[in-house]
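Trainee: I am new to this structure and would like a close look at a single part of the model. Could you take one helix and walk me through its surroundings?

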Amino acid sequence: MKAQEALQHFRGKEKYNCAQAVLKAFQHEAGIPEGAVKAASGAGGGKAEGGLCGALFAAGVILGKKETNDVQEAFAQKAGSVLCKQIRSLKRISCRDCVSLSAQLTQRRMEDSPS
């Protein structure tokens with residue numbers, strides 16, 4: 001399952017942040033170049049565009065930003081927000097949980113989408 005793979009990358013041997021971990025888990029299926037994974041180092045810790053959670057930012061990269069409304073809604077239901085700082089202050093789920101949740105929702109969306 002992609003959630004487990006993403007968690008293995010998150011702060012693992014490569015020291016990937018949340019965005020990088022999710023991108024790395026889907027790298028082959030989504031055709032994500034290694035350079036994009038490395039560039040996502042600036043998208044973790046609330047530094048993604050608009051303060052978005054980095055793991056959720058990665059879902060947008062993988063699925064295409066226009067295709068993530070349902071993913072963002074499901075994510076916000078569980079996390080309380082889509083914004084990193086708000087998620088952290090609410091303390092409903094951890095960063096690891098955000099990585100797992102984003103990967104689960106991304107995988108589900110990819111499986112539901114026609115090829």
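Mentor: What follows is a look at helix 2 and then at two residues that lie elsewhere in the chain. Please keep in mind that this is a predicted model. Helix 2 covers residues 18-25, and because eight of its eight residues are buried, the helix is largely enclosed by the rest of the structure. Those buried residues are Cys18, Ala19, Gln20, Ala21, Val22, Leu23, Lys24 and Ala25, and they pack against helix 1 (2-9), helix 3 (27-30), helix 4 (34-39), helix 5 (54-63) and helix 8. At the N-terminal end, helix 2 is capped by Asn17, which places a side-chain oxygen 3.0 Å from the backbone nitrogen of Ala19.

Helix 8, one of the packing partners of helix 2, spans residues 95-112 and includes Gln107. Gln107 counts as buried because its relative accessible area is 17%, which is under the cut-off of 20%. Apart from its neighbours within four places in sequence, Gln107 is in contact with Met1, Lys2 and Phe26.

A second residue to look at is Phe75, which belongs to helix 6 (residues 69-79) and is buried, with a relative accessibility of 0%. Setting aside neighbours within four places in sequence, the contacts of Phe75 include Cys53, Leu56, Val82, Ile87, Cys98, Leu101 and Leu105. For one of these partners, Leu101, the C-alpha atom lies 7.0 Å from that of Phe75, although the two residues are 26 residues apart in sequence.

Terms used
Residues numbered from 1 in each chain as written. Predicted model: local features only at pLDDT ≥ 70, side-chain atom pairs only at ≥ 80, totals over all residues. Heavy atoms only, no water. Helix = DSSP H or I, 4+ residues; strand = E, 2+ residues; numbered from the N terminus. Buried < 20%, exposed > 50% of the residue type's maximum accessible area, 1.4 Å probe, protein only. Contact = heavy atoms within 4.5 Å. Polar contact = N/O pair within 3.5 Å; in protein donor to acceptor, adjacent residues only side chain to side chain.
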